[in-house]
Amino acid sequence: MNRTLNIVLLGLVLANAFGQQRMGQLPMEKVNPILPGYFADPTIKKFGDTYYIYATTDNEMLASGVPTVWYSTDFEHWYNYTMEVPSLESVNLRNFWAPDIIEGDDGKYYLYFGNCQAGCNIYGYVSDTPVGPWEKLNKDDVPIIAHNYPRKGFPSLDAQFFEDSDGRIYAYWGTWVHYNGGYAVGELDTSMAKVKNAKNIPLEETPEPFEAAYMMKKGDKYILMYSGGSCHDETYNVRYSYSNTPYGPFVPGENNPILSTNEEGTVHGPGHHSVLEENGKYYIVYHKHDYPMTRGGLSRQVAVDEMVFENDSTIRKVVPGQKALQDLRAPNLPRNLALGATATASSFYHLQSLQYDYAYEPSFATDDHNATMWKAADNSFPQQLTIDLGKETDIKRVMTQFEFAGYYYQYQLEHSTDGQNWDLYADRSGNKIPGSPMVDDKDARARYLKLTVLDVEKTGLYAAVWNIKVFDSLFEIPLNLEGKPSNEDTGAKSAHQKPVEMDANDFPPSNDLTHLPNRGSLGGNFEKKGKVVLEADEEGIKAFNFTEGALVLDQVVPRSLEWNGAFTVATWVKNPQIAKEGECLLSWCDRFRFNLANSYNALHYNSGPYGAAAHLDGHFDMGYQNLPSANEWHHIVLTFDGVVEKIYVDGQLDNSQNMTLASQIENAKIRIGASDVGEHFSGLMASLHLYDHALTEKKIQELMLSTNPLREK
């Protein structure tokens, strides 16, 4: 048996070795995002001497993270703050999309967000400061711009506001506009709480549009900029048209698109922008996809480049990564002593998939690049990162930028002169306040610093750091804001167990499926729902035959499987006829808990776009590259380690994708043979195993051999 196993494993390794060429490290120094983290749809403003970037937070599924703002006075050090925004009476808001802000003549600040939980509407808020706390403009939750305005079916999202030289303020909005007849424009009334006199801008005036209209004025010309292509992939780009009036008609500009994916791949899917005018120059602030790219394109990062006008109605193509951006940064910035310092770690993650061969090395934490990070090898804790400053030096401040600004991290910082004896620098072991950077001040003399990450707010997230910066002097931190502590406990940990195990061979042929104990660590019993029978196929293989039925476990889904928790599903199945959709083998989450704000985790066996892994829609799901043949037994395995999701068929890697999940389990059930909305499997299943961790390829192949229902035939 051992000799046979070794031969099979060798064959599978060789088969995978000659696959497609994978992508490694790109020249990130050419394009460095200015914000450390996943943010999109940026609106940049300057109020007084402080720059503010309001953005969609990509921490959760479908960009449903917290309402956030970044601020800076030097355009180098940016600080994140989670704003207090009241929810609706009818629904607890989870989407704060594409924010914009206006400073009113009354000295107040007016903030606008899009949301699709109660129709796709724009809601408004007011505050005495640019960062809140915010109050509703309309106490009865009436939108500033409602769904179906200016015509039926029109989604009111992605609103940006433009103040003309006569003081009148215009709104421009619309998404999926290639389906909805073009963008919309209207005028904001003096209450700042309603848009009036709206009309659609004909599609031909903004060719190849998608979303994200942005109006600015150059001389006497009104420049309507917008994003085309698809925000989910490399086709996303920035385009523009111009007019003599705010309402148009608009003439498509030359040089379109002016910003698009570049050949190096360092700018991938750029779009949904705003513009900063500073000292007679223009800067385009936009988002682009992360690298390695997360599936669906919703782990985006904010970048800035100079935008040059040829004349009042012509914009040159933007050249990403220009040195002219240095003009925005303040002179005489304090020196980061950790820049380029040698870094070591307890572990680091090596992403190996069909698409990528990429290592999240410790040195990325000291390169001062917001496109690279150190990430631990797995989502266990504690994890350590140690940096060597090269010589003993005075330390007064350490700034740590963790991967997710909207969630808290618990950690300790220690310092040492010899790398052997350590003293405590900062103790955040009980921290529950999110933010970026985490700022720790103390006078110390040290050569070495050690960061020990103890825990994180969300299940399945890793110890990961964009940058750690060290300074020998203190400098002013603008606004001096501190966020509110989270009410959530730290994320659940994997027990490295197999919560679910079902094998048809464990039950006698006469079993009527009224008592089906779960052999996994979770225990409990499966209850038959609908049509499921235990029988042998024509080859004599005992299996569960599903026909519009399911086996539902009577136990609570373990917390280790919530949010971004790792998992493995392994099953032996035979599907006589493979449908284009449906055919769910296993599901274990509540897809309706937060509607668009949570992912749906399930393993499928169909020929459609979510034929293997279903999460939301075709942009996030993963199909089979090579569909397992019908009416034959196959070993199908879906794994997720918190970073990359992989589907294996008969021991070979068939497809993979980077993912960040937001799985909700509160009202969920573990269902074998169906999803929570049906999608019934219509075939045979000999066994199913569910793990709370990701199995390695070797373990998968060993499991395939040990559970093969044909092994005795």
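1. Start at Arg591 in this predicted model. The charged end of Arg591 sits over the ring of Tyr600, and the distance to the ring centre is 3.6 Å. Lys375 does something along those lines with Tyr462: its charged end sits over that ring, 5.4 Å from the centre.

2. Tyr462 has further company. Ring pairs tie it into a cluster with Tyr291, Tyr349, Tyr356, Tyr358, Tyr360 and Phe364. If you search the whole structure for aromatic pairs, you get 34.

3. Let's look at one of those pairs. How are the rings of Phe39 and Trp70 arranged? Their centres are 5.3 Å apart and their planes meet at 85°, so we call the pair edge-to-face. The cut-off behind that name is an angle over 60 degrees. Phe39 belongs to strand 1 (residues 39-47) and Trp70 to strand 3 (residues 68-72), so the pair links distant parts of the chain, 31 residues apart. Are these two buried or exposed? Both Phe39 and Trp70 are buried.

4. Tyr282 and Phe309 make another edge-to-face pair, with 5.2 Å from centre to centre and 70° between the planes. Here the link runs between strand 18 (residues 281-289), which holds Tyr282, and strand 20 (residues 309-311), which holds Phe309; the two residues are 27 apart in the chain. Tyr282 has a relative accessible area of 11%, and Phe309 has 12%. Buried means under 20%, so Tyr282 counts as buried, and so does Phe309.

5. Now for the nonpolar cores. The largest has 104 residues, and Val470, Phe544, Leu551 and Ile672 have the most contacts inside it. Strand 29 (residues 438-456) gives this core its largest share, 7 residues. There is also a second, separate core of 24 residues, including Phe47, Phe113, Tyr125 and Phe475.

6. Leu551 is a good residue to click on. Setting aside residues up to four places away in sequence, Leu551 touches a long list of others, among them Met502, Leu516, Phe526, Val532, Phe546 and Ile670. Charged names turn up there too, including Glu527, Lys528 and Arg671.

7. Next, a small sheet. In what order do its 4 strands lie? They run 5-6-7-8 in an open sheet with antiparallel pairing. Strand 5 (97-103) and strand 8 (135-136) are the edges, each pairing on one side only. Strand 7 (residues 121-127) is joined to strand 8 by 2 bridges, and Val126 stands opposite Glu135 there.

8. Gln352 sits in strand 23 (residues 350-352). With a relative accessible area of 38%, this residue is partly exposed. Beyond its neighbours within four places in sequence, Gln352 is in contact with Arg22, Asp357 and Lys646.

9. Lys646 takes us to strand 40 (residues 644-649), where 6 of 6 residues are buried. Both faces are covered: Val644, Lys646 and Tyr648 lie on one side, and Glu645, Ile647 and Val649 on the other. That split fits a simple pattern. In a regular strand, side chains alternate between the two faces of the sheet.

10. Which strands pair with strand 40? Strand 39 (residues 633-640) runs antiparallel to it over 5 bridges, with Ile636 opposite Val649. Strand 41 (residues 652-658) is also antiparallel to strand 40, over 6 bridges, with Val644 opposite Asn658. Check the turns as well: the hairpin of strands 39 and 40 has 3 residues between them, and Gly642 in that turn has a positive phi of about 100°. The hairpin of strands 40 and 41 has 2 residues in between, and Asp650 takes a positive phi near 55°.

How values were computed: Residues are numbered from 1 along each chain as its sequence is written. This is a predicted model: local features need pLDDT of at least 70, side-chain atom pairs count only at pLDDT 80 or more; totals for chains, interfaces and linings use all residues. Side-chain values use heavy atoms; hydrogens and water are left out. Two strands pair if DSSP finds at least two bridges between them. A nonpolar core is a set of buried Ala, Val, Leu, Ile, Met, Phe, Trp, Tyr and Cys residues joined through side-chain atoms within 4.5 Å. Buried means under 20% relative accessible area, exposed over 50%, partly exposed in between (1.4 Å probe, protein chains only). Contact means heavy atoms within 4.5 Å. Rings of Phe, Tyr and Trp (its six-membered ring) pair if their centres lie within 6.5 Å; planes under 30 degrees apart count as stacked, over 60 as edge-to-face and the rest as tilted. A charge sits over a ring if NZ of Lys or CZ of Arg is within 6 Å of the ring centre and within 35 degrees of the ring normal.
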